[in-house]
Amino acid sequence: QNGVYGYKVTSKSNGNSIFLPAAGYRSGSSLYDAGSIGDYWSGSLGTDYPGDAYGLDFNSSYVGWYLDRRYYGRSVRPVCQ
């Protein structure tokens, strides 16, 4: 979108959409893969362990959900309802 690689997510319930730029991810103080992958936390926690949360991961050939530890440096994209 406008020359920025990312992923557009559209709601099935109301048709609203949001663009998630490929912001990469952090490990410690280092930033990795900015501009080529997106790695975003959702607002949903894991049910078995409160330190886990669901996230969305994407690159040029894959889009999927994962469950991971919340201390990893993933992006967040706040929205107002």
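Which residue's side chain meets that of Asp68 in a salt bridge? In this predicted model, the partner is Arg74, and the N to O distance for the pair is 2.5 Å. A search of the whole structure finds three salt bridges, and these are described in turn below. In general terms, side chains of opposite charge can pair when their charged atoms come close.

Arg74 also meets the side chain of Asp39 in a salt bridge, with an N to O distance of 3.3 Å. Because Arg74 lies in the segment after strand E7 (63-69) whereas Asp39 belongs to strand E5 (residues 38-45), this pair ties together parts that are 35 residues apart in sequence. Both Arg74 and Asp39 are buried. For Arg74 the relative accessible area is 18%, and the residue is therefore classed as buried, the limit for that class being under 20%. Through the partners that these salt bridges share, Asp39, Asp68 and Arg74 are joined into one network.

A further salt bridge is formed between Asp52 and Arg69, in which the closest N and O atoms are 2.4 Å apart. This pair likewise links distant parts of the chain, since Asp52 is placed in strand E6 and Arg69 in strand E7, with their positions 17 residues apart in sequence. The two partners fall into separate accessibility classes: Asp52, at 10% relative accessibility, counts as buried, whereas Arg69, at 33%, counts as partly exposed. Strand E6 spans residues 52-58, and the surroundings of Asp52 extend beyond its salt-bridge partner. When neighbours within four places in sequence are left aside, Asp52 is in contact with Leu45, Gly46, Leu67, Asp68, Arg69 and Arg70. Among these contacts is Asp68, which itself takes part in the salt bridge with Arg74.

Attention turns next to the pockets. The largest pocket has a volume of about 620 Å³, and of the 21 residues that line this pocket, Val9, Ile18, Leu20, Arg77 and Val79 are the closest to its centre. Strand E1 (6-10), strand E2 (17-21), E5 and E7 each supply at least two residues of the lining, and E5 gives the most, with four residues. Strand E5 is also the element in which Asp39, a salt-bridge partner of Arg74, is found. By residue class, the lining of the largest pocket divides into eleven nonpolar residues, nine polar residues and one charged residue.

Conventions: Residues numbered from 1 in each chain as written. Predicted model: local features only at pLDDT ≥ 70, side-chain atom pairs only at ≥ 80, totals over all residues. Heavy atoms only, no water. Contact = heavy atoms within 4.5 Å. Salt bridge = Lys/Arg side-chain N within 4 Å of Asp/Glu carboxyl O. Buried < 20%, exposed > 50% of the residue type's maximum accessible area, 1.4 Å probe, protein only. 1 Å grid on protein atoms, 1.4 Å probe; cavity = no way out; pocket = protein on both sides within 12 Å on 5 of 7 lines; lining within 4 Å. Points joined across faces, edges and corners; volume = space filled by probe spheres on them. Nonpolar A, V, L, I, M, F, W, Y, C, P; charged D, E, K, R; others polar.
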